[in-house]
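Please walk through this fold with the sequence and the coordinates side by side. We start from one strand and widen the view from there.

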Amino acid sequence: QVQLAESGGGLVQAGGSLRLSCAASGRTFSNYCMAWFRQAPGKEREFVAVIGWRGDITVYADSVKGRFTISRDNAKNTVYLQMNSLKPEDTAVYYCAAAGSTFTSPRLYDYWGQGTQVTVSS
């Protein structure tokens with residue numbers, strides 16, 4: 001089992017920045033690829049970004065490419081999502097997830113955090 005806990009969400013104005021963190025415990029963190037997903041009210045959960053277990057592979061959704069950066073610190077068992085130039089359409093609950101590969105489908109992820117709310121005002 002891997003337990004995941006997100007933090008760092010909040011309310012920010014459009015154009016602002018936030019950094020989300022996801023702390024992992026349980027099984028060896030460095031064995032897992034880590035991803036961020038988001039879900040807005042009335043919408044399906046969507047892929048945001050994923051990072052390989054060594055941090056050398058990253059994949060981003062087109063909607064966040066160039067604005068968001070995913071990173072990880074295996075010594076701290078933590079994955080981060082730096083979000084810059086935020087837009088109102090980025091408003092959602094953000095979830096971190098763990099899996100054995102750099103999947104982009106939420107169905108393929110084994111472990112999930114509880115989510116953290118990000119609200120971007122216009």
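Which residue in β5 is the bridge partner of A35? The partner is V50. Keep in mind that this is a predicted model.

That pair belongs to a longer ladder. Strand β4, residues 33-39, and strand β5, residues 46-51, run antiparallel and share five bridges. Six residues lie between the two strands of this hairpin. One residue of the hairpin to look at is G42, with a positive phi near 75°.

Now turn to another partner of β4. Strand β9 covers residues 92-99 and pairs with β4 over seven bridges, again in the antiparallel sense. Here W36 of β4 has C96 of β9 as its bridge partner. Strand β4 thus pairs with β5 and with β9.

How many residues of β4 are buried? Six of its seven are, and the strand is mostly covered. In a regular strand, side chains alternate between the two faces of the sheet. With that in mind, follow β4 from residue 33 to residue 39.

Next, leave the strands for a loop. R67 sits between β6, residues 58-60, and β7, residues 68-73. Is this arginine, R67, buried or exposed? R67 counts as buried because its relative accessibility is 11%, and the cut-off for buried is under 20%. What does R67 touch beyond its neighbours within four places in sequence? Its contacts run through Q82, M83, N84, S85, L86 and K87, and also include D90.

Step back to the whole chain. The chain has 11 strands and zero helices. Read from the N terminus, every element in the order is β. Contacts that reach far along the sequence are well represented: among those between residues at least 6 apart, 57% join residues at least 24 apart.

What about overall size? Along the principal axes, the C-alpha atoms fill a box of roughly 40 × 25 × 25 Å. The radius of gyration is 13 Å. That agrees with a compact globule, because 122 residues in such a globule would give a value near 14 Å.

Finally, consider burial, surface and charge. Of the 122 residues, 43% count as buried. The chain exposes about 6,100 Å², and carbon and sulfur atoms supply 46% of that area. There are 12 positive and 9 negative charges, and their mean positions are 3 Å apart.

Conventions: Residues numbered from 1 in each chain as written. Predicted model: local features only at pLDDT ≥ 70, side-chain atom pairs only at ≥ 80, totals over all residues. Heavy atoms only, no water. Helix = DSSP H or I, 4+ residues; strand = E, 2+ residues; numbered from the N terminus. Buried < 20%, exposed > 50% of the residue type's maximum accessible area, 1.4 Å probe, protein only. Contact = heavy atoms within 4.5 Å. Rg over C-alpha atoms; globule rule 2.2 N^0.38 Å. Areas by Shrake-Rupley, 256 points an atom, 1.4 Å probe, with all protein chains shown as cover. Lys, Arg positive; Asp, Glu negative; His and termini not counted. Charge placed at Lys NZ, Arg CZ, Asp CG, Glu CD. Pairing = 2+ DSSP bridges.
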